[in-house]
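This report looks at a ligand site, a sheet and the packing of helices. The sequence and the structure are shown first.

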Amino acid sequence: MTKQTLKVVKIGGNVINNEEALFSFLKDFADLDGPKILVHGGGRKATEVSSAMGLEPKMINGRRVTDEATVEVVTMVYAGLLNKKIVAQLQKNNCNALGLSGADANCILAHKRIVKDVDYGFAGDVDAINSEIIDVLLQNNVTPVFCAITHDKNGQLLNTNADTIASEVAIGMSELYNTELNFVFELKGVLESINDKDSVITEINSEKYKQLIAAGIIADGMLPKMHNCFNALEEGVSKVKIGDASLVKKSTKLYTTLSL
Ligand SMILES: Nc1ncnc2c1ncn2[C@@H]1O[C@H](COP(=O)(O)OP(=O)(O)O)[C@@H](O)[C@H]1O
Ligand SMILES: CC(=O)N[C@@H](CCC(=O)OP(=O)(O)O)C(=O)O
């Protein structure tokens, strides 16, 4: 039996911080046909709020060092303000959204990130996706909206990179659906030259990916994003695209497609 197609869309902090762009994206997302899941970040807002509270934001290799005070702030910003703002806007556009952290219905189980030499604090790495419960929502025409907060089943909330959440959710749902993963950010796609906003590389396979890293064309936040893209493809996600907010429109022309 052919599987139904599920769209998993991730939206990043730069789009979220621009209310006009965010609301216009959410209208287009609401209009998407078929089952869909939204995953949102909000790193920029968390940085602003942390700074305003006198905390000093610190990122290492694209991940936030999340001490006890910071995990409280990111939970308020991601699972509270941003998640509810997004859900309310989707409801306005007649999309029956349900805002969730990974702790809700045990949707995303994670463990504290332990790596040699760096103490990331309460940052999480994903262990399991509760695809059964997520499917119950989808089957009832409810659209899950995940923020970047997970839990360890031992009462600890963990801050988890939103790109990783999106790719793990897409991988987890691939058992049940033909899953397509879209990464939406503020640029039109992966660019050949960061100074030329139209220099989109339309197709990247694993060979080209290695060449682009070696040439220094893929850098900064794009490095972990691409890693998540290829991991998703290797683990059964059928299609991965990177582009701007128009990615969810039927008329989109320019974006990057990834393939193995
Ligand atoms: N070749 C590239 N093409 C596009 N963006 C790139 C490239 N190399 C590095 N980047 C950077 O990666 C960033 C996207 O990663 P990130 O900031 O983590 O996005 P998000 O918060 O949406 O997940 C872009 O804003 C851009 O500055
Ligand atoms: C552990 C870790 O780094 N978590 C991320 C979660 C938010 C995120 O990923 O937001 P963007 O998609 O907007 O970058 C953070 O706190 O920045």
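## The shell around ligand 2

A residue is taken to be near a molecule if its C-beta atom, placed from the backbone, lies within 6 Å of it. In this predicted model, 15 residues surround ligand 2, and those that come nearest are Gly13, Gly41, Gly43, Ala148 and Ala162. Helix H3 (43–52) and strand S4 (63–64) are the elements that each give two or more residues to this shell. Sorted by class, the shell around ligand 2 consists of 8 polar, 5 nonpolar and 2 charged residues.

## The sheet

An open sheet with mixed pairing is formed by 8 strands, whose order is S5-S8-S2-S1-S11-S13-S14-S12. Strand S5 (97–100) and strand S12 (203–204) each have a single partner strand and stand at the edges, so one side of each is left without a neighbour in the sheet.

Within the sheet, strand S1 (residues 5–11) and strand S11 (residues 178–184) run parallel and are joined by 7 bridges, and Val9 stands opposite Asn182 in S11. Helix H6 packs on the sheet, where H6 touches S1, strand S2 (36–40), strand S8 (143–146) and S11, and the direction of H6 makes about 175 degrees with that of S1.

## The packing of H6 with H8

Helix H6 (residues 162–173) also packs with helix H8 (residues 222–234), at an angle of about 5 degrees and with the axes 9 Å apart. Angles under 35 degrees count as roughly parallel, and H6 and H8 are therefore roughly parallel to each other. On the H6 side the contact is made by Asp163, Thr164, Ser167, Ala170 and Ile171, and on the H8 side by Pro224, Lys225, Asn228, Asn231 and Ala232. The residues of this contact divide into 4 polar, 4 nonpolar and 2 charged.

Methods
Residues numbered from 1 in each chain as written. Chains lettered and ligands numbered in written order. Predicted model: local features only at pLDDT ≥ 70, side-chain atom pairs only at ≥ 80, totals over all residues. Helix = DSSP H or I, 4+ residues; strand = E, 2+ residues; numbered from the N terminus. Nonpolar A, V, L, I, M, F, W, Y, C, P; charged D, E, K, R; others polar. Axes fitted to C-alpha atoms, helices over the stretch in contact; angles between N-to-C directions. Parallel < 35°, antiparallel > 145°, perpendicular 65-115°, else oblique. Contact = placed C-beta atoms within 7 Å. Pairing = 2+ DSSP bridges.
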